[in-house]
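Colleague: I'd like a close look at one part of this one, please: the strand pairing and whatever sits around it. Take your time and give me one connected account rather than a list.

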Amino acid sequence: MRTLAAAAADAATCTMCRLAEGRTQVVFGVGDPDADLLFIGEAPGFHEDKQGEPFVGAAGQLLTRMLGEIDLKRQDVYIANVLMCRPPGNRDPLPDEIESCTPWLVEKISLIQPKVVCTLGNFATKFVLNTSQGITRLRGQTFPWHGRTVVPTFHPAAILHGGGEGSKQFEQLREDFALIKRTLEELRDPPEPAAAVPTVGAATAEEQLELF
């Protein structure tokens, strides 16, 4: 049976897009391979590229802190990004780079089988939910997605750049993490069945995220 470690070993030598030329190393992901909660960010930054682990800078410290507020540690969850290699100058990912990396993300989700997926920031949220709506409108809600539940929230870096703990967004981030905790508890001890909630976007037939 394929394991997450085997997938990470294969990904370490990936040359499917131009980002392989400038990276220090592939940032596959980190955490519990059987986690109920998966975080998906955008792409590695400078520190992640050097250390080979996602969310290790200031934004990662904030993520770790927010996990602590809902009684979780980094080793209790799995943390990954849409892209595994750092774009030059932290620019936005390009469509062909996303296309090249999507099968790796699909495989991670298929192997981990998380109950809840938390998308961090605009990019990951729009990508996963196949929507043009921004994170400000989508946060604070849950969305059904391939038998899982997606909870969108702000990227920790956006909080740090937008006023930090004194900002309205920080309080909303805290609310979203409380929502993550409630969602996990409900999925582990499900209530009576309720009417299905429609998804945000209608995925196209060729979307690779339909595969698992």
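Modeller: Start at Val30, which faces Ile79 of E3 across the strand pairing. That puts you on E1, residues 30–31, one of the edge strands. E1 runs antiparallel to E3 (residues 78–81), and two bridges hold the pairing. Bear in mind as we go that this is a predicted model.

From there you can walk across the whole sheet. It's an open one with six strands, in the order E1-E3-E2-E4-E6-E5, and the pairing is mixed. E1 and E5 are the two edges: each has a single partner strand, so one side of each has no neighbour in the sheet. For context, the chain has eight helices along with those six strands, and along the sequence they come as α-β-β-α-α-β-α-β-α-α-β-β-α-α.

Next stop is E2. It pairs with E3 in the parallel sense, over four bridges. Ile79 turns up again here, since it is the bridge partner of Phe39 in E2. So Ile79 has Val30 of E1 opposite it and Phe39 as a bridge partner too. On to E4: four bridges join it to E2, and these two strands are parallel as well. Leu37 of E2 is matched there with Val116.

How buried is E2? Five of its five residues are buried, so the strand is largely enclosed by the rest of the structure. Both faces are covered: Leu37, Phe39 and Gly41 lie on one side, Leu38 and Ile40 on the other, and every one of them is buried.

Stay on Phe39 for a moment. There is one aromatic pair in the model. Phe39 and Phe177 make it, and they are stacked, with 5.8 Å from centre to centre and 20° between the planes. It ties together distant parts of the chain, because Phe39 is in E2 (residues 37–41) while Phe177 is in helix H8 (residues 168–188), 138 residues apart. Phe39 and Phe177 are both buried. In the chain overall, 75% of the contacts with a separation of 6 or more are between residues 24 or more positions apart.

Back in the sheet, E4 (residues 116–120) is joined to E6 by five bridges, and the two run parallel. One of the matches is Leu120 with Thr153. E6 (residues 148–153) is another strand to look at for burial: six of its six residues are buried, so it too is largely enclosed by the rest of the structure. Arg148, Val150 and Pro152 point one way, Thr149, Val151 and Thr153 the other, and all are buried. Yes, that includes Arg148. Across the chain, buried residues are 45% of the 212.

The far edge is E5 (residues 143–145), which pairs with E6 antiparallel over three bridges. Phe143 stands opposite Val150 there. E5 and E6 make a hairpin with two residues between the strands, and His146 in that turn has a positive phi of about 50°.

Now for what packs around this end. Helix H5 (residues 121–129) has Gly121, Ala124, Thr125, Phe127, Val128 and Leu129 buried. The cover over those residues includes four of the strands, E2, E4, E5 and E6, together with helices H4 (95–112) and H6 (135–138). Just past H5 comes Asn130, with a positive phi near 55°. Asn130 sits in the loop between H5 and H6 and is partly exposed, at a relative accessible area of 28%.

If you're checking backbone angles anyway, Phe55 is another one to click on. Most residues other than glycine have a negative phi. Phe55 has a phi near 55°, positive although the residue isn't glycine. Phe55 is in the loop between helices H2 (46–51) and H3 (58–69). Buried or exposed, is Phe55? Buried, with a relative accessible area of 5%.

One last thing to look at, off the strands: the charged end of Lys108 sits over the ring of Phe28, 4.5 Å from its centre.

Terms used: Residues numbered from 1 in each chain as written. Predicted model: local features only at pLDDT ≥ 70, side-chain atom pairs only at ≥ 80, totals over all residues. Heavy atoms only, no water. Buried < 20%, exposed > 50% of the residue type's maximum accessible area, 1.4 Å probe, protein only. Contact = heavy atoms within 4.5 Å. Pairing = 2+ DSSP bridges. Phe/Tyr/Trp six-rings, centres within 6.5 Å; stacked < 30°, edge-to-face > 60°. Lys NZ or Arg CZ within 6 Å of the ring centre and 35° of its normal.
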